[in-house]
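Trainee: Please take one part of this structure and examine it closely with me. I should then like to learn how the rest is arranged around it.

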Amino acid sequence: MTAPFAVVTPGSAAPGATAPATPKNLPHTGGEANPSAEALRARFGAAIERVDVVWGETTVYVQGARLLEIVRWLHDDPAQQYDYLSDVTAVEHRDLDQPLEVVWHLRSLPFRRFLRVKVRIAKGEKLEVDSVWPVYKGADWLEREAYDMFGIDFRGHPDMRRILMWESFKEGYPLRKDFPLRGRFSRSEQLRQALDQDPEARYSMEELSVADAFEDLPPDMRERLASGEKVGE
Amino acid sequence: MGLSRHPSLADTQTLAARTTADREIVSYDPKSQEGWVTTRLDFLVNWGRANSLWPMPFGTACCAIEFMATAASHYDLARFGMERMSFSPRQADVLICAGRVPFKLAPIIRRIWQQMPQPKWCISMGACASTGGMFDNYAVVQGIDTIIPVDVYVPGCPPRPEGLLHGIRMLQEKVKNERGADERVRDEMEPDPNSKLYIPPAMIDELSEPFGNSVHQTRSAP
């Protein structure tokens with residue numbers, strides 16, 4: 001794709017895209033897989049571990065080591081064009097022997113396709129995968145959320161910090177199966193630690209600094225800043 | 001002396017008798033050029049305070065929707081002198097906490113409470129603000145009275161606007177019965193100077209630089 005983004009209207013979908021329709025009589029498992037799955041198999045071979053189709057949605061299990069390469073190909077290839085990352089999350093199964101799964105939800109607007117990409121991290125292994133931030137800038141906060149709730153370290157993420165819980169939250173990762181519902185500390189200790197946090201210290205310098213984002217600002221705002229207009233505060 | 005029958009101090013026996021008398025001590029002599037009114041200072045001040053409570057809405061969840069309904073035309077908080085929502089804590093009298101407060105918000109609601117000038121009151125609206133409600137988990141404060149003092153708890157999940165109005169009327173009753181001489185009700189617990197929560201008075205003055213028309217209204221000022 002040459003343009004940074006493209007607006008998809010009903011007339012402008014890619015050739016071969018299926019018409020939008022509400023699917024009917026979907027089987028629970030099986031059924032027609034997303035054509036991207038076959039293309040992935042042909043391109044990456046053994047890096048694609050498994051393809052599942054559940055309720056008409058295709059899940060591709062891939063090797064963690066090649067994740068970034070695969071996602072980048074899905075984004076860049078003219079026959080795929082997965083231009084929208086709608087979610088990054090993780091699943092830990094109740095059966096503690098099952099591996100933890102990290103999930104990416106990809107959507108191709110021109111082809112009207114949805115693809116779920118999963119990486120399995122076996123129990124006992126380090127919770128680390130590549131960040132897809134170099135491909136999708138929108139992965140920034142989504143990956144921070146997955147880190148906050150599950151403790152997954154996304155390699156290459158520019159700013160790996162908690163996003164929902166406060167900075168000084170010391171109790172661990174709340175959506176893990178071994179996390180007690182009420183937390184690890186007593187109520188009074190939780191309250192004491194919460195009141196100790198500094199409400200003004202939640203933003204990184206990156207978030208507060210306009211100078212770093214200067215090139216990304218719209219032209220009119222750049223002009224106003226360059227002419228000396230004060231912003232914020 | 002015409003119609004006046006204001007009680008002398010010797011007449012006052014009980015609190016109940018005094019309160020009844022409060023309502024009847026307004027007098028007016030039609031023959032004189034000037035009308036005159038006698039009352040107790042407490043009564044007058046409390047009457048003014050109770051009927052012009054400015055709420056600081058702290059809405060975090062569904063209770064805030066009911067709160068908005070209460071403030072809107074059908075239930076009309078303005079009837080009770082509360083038509084002016086104060087979105088600045090420095091010009092507010094009553095903090096209405098509507099909704100659950102997660103631990104992440106705890107220092108913020110505490111700071112908002114500290115920024116409100118005396119006299120101030122607090123209404124805890126709904127089950128979550130009062131007790132944590134159904135959110136008995138790692139992230140939610142189990143009742144805002146663990147952080148700030150609460151005057152009136154309004155039960156419900158969420159409470160109906162009538163419930164909140166009832167709570168507000170209860171608070172007005174409480175305000176009307178306060179005694180100015182009783183300074184204990186204005187006591188504030190100072191934060192521990194060793195905690196990060198503690199802000200020295202000089203810094204409070206700096207943070208509360210003049211804005212609006214309340215140039216001298218800072219918390220550390222006497």
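Mentor: Let us begin with a single pair of residues: Val102(A) stands opposite Val119(A), which belongs to strand E5 of chain A. Please keep in mind throughout that this is a predicted model. The pair helps to locate two strands of chain A, E4 (residues 100–108) and E5 (residues 113–121), which run antiparallel and are joined by nine bridges.

We may now widen the view to the sheet. In chain A, five strands form an open sheet in the order E1-E2-E5-E4-E3, and the pairing is mixed. Its edges are strand E1 (48–54) and strand E3 (84–91) of chain A, each of which pairs on one side only. On average, and with direction ignored, neighbouring strands of this sheet are turned by 20° against each other.

Chain B offers a second example of strand pairing. There, strand E1 (residues 55–59) and strand E2 (residues 94–98) run parallel, joined by five bridges. Pro55(B) stands opposite Val94(B) in E2(B). Together with helix H3 (residues 62–71) of chain B, E1(B) and E2(B) make a left-handed β-α-β unit.

Helix H3(B) deserves attention in its own right. Its buried residues include Cys63(B), Glu66(B), Phe67(B), Thr70(B) and Ala71(B). Seen down the axis of H3(B), the buried residues fall within an arc of 140°, so they line one face of the helix. A general rule is useful here: an α-helix has 3.6 residues a turn, so residues three or four places apart point the same way. Among the elements that cover the buried residues of H3(B) are E1, E2, strand E3 (121–125), helix H5 (126–131) and helix H6 (161–176), which belong to chain B.

Helix H4 (residues 106–115) of chain B may be read in a similar manner. Here Ala106(B), Pro107(B), Ile109(B) and Trp113(B) are buried. Viewed down the axis of H4(B), these buried residues fall within an arc of 165°, so they too line one face of the helix. What covers them includes E1 and E2 of chain B, together with helix H4 (187–196) of chain A.

That last helix leads us back to chain A and to the contact between the chains. Chain A contributes 16 residues to this contact, and chain B contributes 16 residues. On the side of chain A that touches chain B, eight residues are nonpolar, three are polar and five are charged.

Definitions and conventions. Residues are numbered from 1 along each chain as its sequence is written. Chains are lettered from A and ligands numbered from 1 in the order in which they are written. This is a predicted model: local features need pLDDT of at least 70, side-chain atom pairs count only at pLDDT 80 or more; totals for chains, interfaces and linings use all residues. Two residues are in contact if their C-beta atoms, placed from the backbone, lie within 7 Å. Ala, Val, Leu, Ile, Met, Phe, Trp, Tyr, Cys and Pro count as nonpolar, Asp, Glu, Lys and Arg as charged, and the others, Gly among them, as polar. Two strands pair if DSSP finds at least two bridges between them. Helices (H or I, at least four residues) and strands (E, at least two) are DSSP runs, numbered from the N terminus. Axes are lines fitted to C-alpha atoms, for helices over the stretch in contact, and angles run from 0 to 180 degrees between N-to-C directions. A crossover is right-handed if, with the strands pointing away from the viewer, the path from the first strand over the helix to the second runs clockwise. A residue is buried if 20 or more other C-beta atoms lie within 10 Å of its own, exposed if 12 or fewer, and partly exposed in between; C-beta atoms are placed from the backbone. The arc is that of the directions from the helix axis to the C-beta atoms.
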